[in-house]
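Open the model in your viewer and keep the selection tool at hand. The stops below say what to select next and what is there.

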There are 2 protein chains.
Amino acid sequence: MAQSPSAVQRSIRQRKPFRSPGHEAVVALLKIADLVHRKAGALVEPVGITQQQYNVLRILRGAGAEGLPTLEVAERMIEQAPGITRLLDRLEAKGLVSRERSSDDRRTVRCRISSQGLRVVSRLDEPMDAFNDRVLAAIPKRHQRQLVESLNQLLEGLD
Amino acid sequence: MAQSPSAVQRSIRQRKPFRSPGHEAVVALLKIADLVHRKAGALVEPVGITQQQYNVLRILRGAGAEGLPTLEVAERMIEQAPGITRLLDRLEAKGLVSRERSSDDRRTVRCRISSQGLRVVSRLDEPMDAFNDRVLAAIPKRHQRQLVESLNQLLEGLD
DNA sequence: TCAGATCACTTGACATATCAACTATTGACT
DNA sequence: AGTCAATAGTTGATATGTCAAGTGATCTGA
C-alpha cells in the first residue's frame with residue numbers, strides 16, 4: 001500500500017517517494033531554509049534592510065564599541081558572503097555602520113554599528129525572536145532538543 | 001559551569017549561548033542549507049550548470065516526454081524561482097531543454113528536456129545521490145527517521 | 001457576443017552574488 | 001635593510017535574483 005506523501009513531497013509536487021531518506025532530508029532542508037529566508041526577509045524589509053544586512057548589524061552589535069575588521073564580520077555570518085565589502089558599503093550608505101582604517105594594522109578596516117543602526121536592529125529583535133520560536137514550535141517539545149542536536153551533527157559533518 | 005559551544009556556535013564564532021533553541025535551530029538550518037547549497041553547486045559546476053538549473057532538469061526528466069508548462073516547473077522547484085523564464089532561457093541556450101508554445105492553450109509554453117540534457121543530468125545523478133546520503137550519514141541511524149519527520153513538521157508549520 | 005477579469009508568461013530596471021584580478025600592508029627570512 | 005610571501009581588503013566584469021509593469025490568450029457572466 002502506498003504511503004501518504006510527506007510534506008516535502010507535496011511541497012515539490014512529487015508523487016514518487018524519495019530515493020533515500022538522505023535525499024528527502026536534503027530537499028527538506030533546502031526548502032525550509034528557502035522559506036525561512038523569505039519570511040525573515042519579509043520581516044526585516046519594512047525597515048529597509050535585507051536579511052544579510054540584518055545579520056551584519058547583529059554581529060556588529062555583539063562586537064560592541066571596538067567593532068570588528070571586515071573579514072571577521074564575514075567569518076561570523078550565517079551565510080558565506082564573498083561580497084562583504086559591498087554589503088558594508090550599503091550599510092554605511094544608509095548610516096547604519098561606520099568604518100575606518102585601523103591604525104595598528106593599516107590593512108584592516110574596523111566596522112562599527114552606529115546608534116541609528118542599533119535602533120534599527122533593536123526594533124527587529126522581538127519580531128525576529130518570535131519568528132524563530134514559532135518555527136521550532138511546529139514540532140513537539142519532546143523532539144526539539146533532539147532536532148537541534150541532529151542539526152548540529154549535520155553541520156559538523158559538512159566540513 | 002559553561003556548556004561547551006555547539007557546532008552551530010562555533011560555525012558563527014559565537015561565544016554566548018543562543019537565546020532559545022528556536023534561534024539555534026534556525027541559525028543551524030540556514031547555515032546547513034548554505035553549505036549544502038555550495039557543495040551541491042560545486043558538484044554540478046563541472047558540467048556547466050547551476051544547482052537551480054540541475055533542479056529544473058531533474059523536474060523535466062521526471063515529467064517525461066510531454067514536458068511541463070513553465071509555471072508548473074516553477075511550482076516544483078525546491079527553491080522559489082521568480083526568474084523561471086530566464087532560467088529556462090539559459091538552459092535552452094545551452095541546448096539542454098526545448099520549448100514550444102502549446103497549441104491547446106496558447107498562453108502556456110511547454111518545456112521538455114533534450115537528449116543532451118538527459119545525458120547531463122544522468123552524469124550527475126550518482127555523485128548527487130552519494131552526496132545526499134553522506135549528509136545524512138553524519139547522524140546516527142536511529143535518529144535519522146526522527147530527523148526527517150521533524151523536518152517535515154517544520155515545513156508544514158511554515159505555510 | 002463581447003467587455004472585463006484572470007492567466008501564463010515576458011520584459012525592463014535594478015539589487016545582489018560570485019569570481020578573478022589588483023593594491024596596500026605586514027610578516028618572515030635571509 | 002631587502003626580498004618574497006601572505007594578509008586584508010577593494011574593484012571590475014559578469015551572472016543571477018527580484019519586483020513591477022506589460023502582452024496576448026482564455027475564461028466568465030451579462
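Two strands pair if DSSP finds at least two bridges between them. Helices (H or I, at least four residues) and strands (E, at least two) are DSSP runs, numbered from the N terminus. This is a predicted model, in which local features need pLDDT of at least 70 and side-chain atom pairs count only at pLDDT 80 or more, while totals for chains, interfaces and linings use all residues. Residues are numbered from 1 along each chain as its sequence is written, and chains are lettered from A and ligands numbered from 1 in the order in which they are written.

**The sheet of chain A**

Select strand 2 (97–101) of chain A and strand 3 (residues 109–113) of chain A; the two run antiparallel and are joined by 5 bridges. Within this pair, A:S98 stands opposite A:R112. Now add strand 1 (68–69) of chain A. The result is an open sheet of 3 strands in the order 1-3-2, with antiparallel pairing. Strand 1 and strand 2 are the edge strands, each pairing on one side only.

Next, select helix 3 (residues 51–63) of chain A, which packs on the sheet and touches strand 1, strand 2 and strand 3. Touching, or contact, means C-beta atoms, placed from the backbone, within 7 Å. The direction of helix 3 makes about 95° with that of strand 3 of chain A (axes are lines fitted to C-alpha atoms, for helices over the stretch in contact, and angles run from 0 to 180 degrees between N-to-C directions).

**Where the chains meet**

Show both chains: 52 residues of chain B are in contact with 51 residues of chain A. Which helix of chain B gives the most to the side that touches chain A? It is helix 2 of chain B, with 17 residues. For one residue of chain A, pick A:L29: its contacts include B:L29, B:I32 and B:L151.

**The DNA strands**

Select DNA strand D. There are 17 residues around it, and A:P69, A:T70, A:L71, B:G83 and B:R106 are the closest (a residue is near a strand if its C-beta atom, placed from the backbone, lies within 6 Å of it). Helix 4 (70–76) and helix 5 of chain A, together with helix 5 of chain B, each supply at least two residues of this surface.

Finish at DNA strand C, with 17 residues around it. Those that come nearest are A:G83, A:R106, B:P69, B:T70 and B:R107. Here helix 5 (84–93) of chain A and helix 4 (70–76) and helix 5 (84–93) of chain B give two or more residues.

Note on methods
Contact = placed C-beta atoms within 7 Å. Lists of a residue's contacts leave out its neighbours within four places in sequence.
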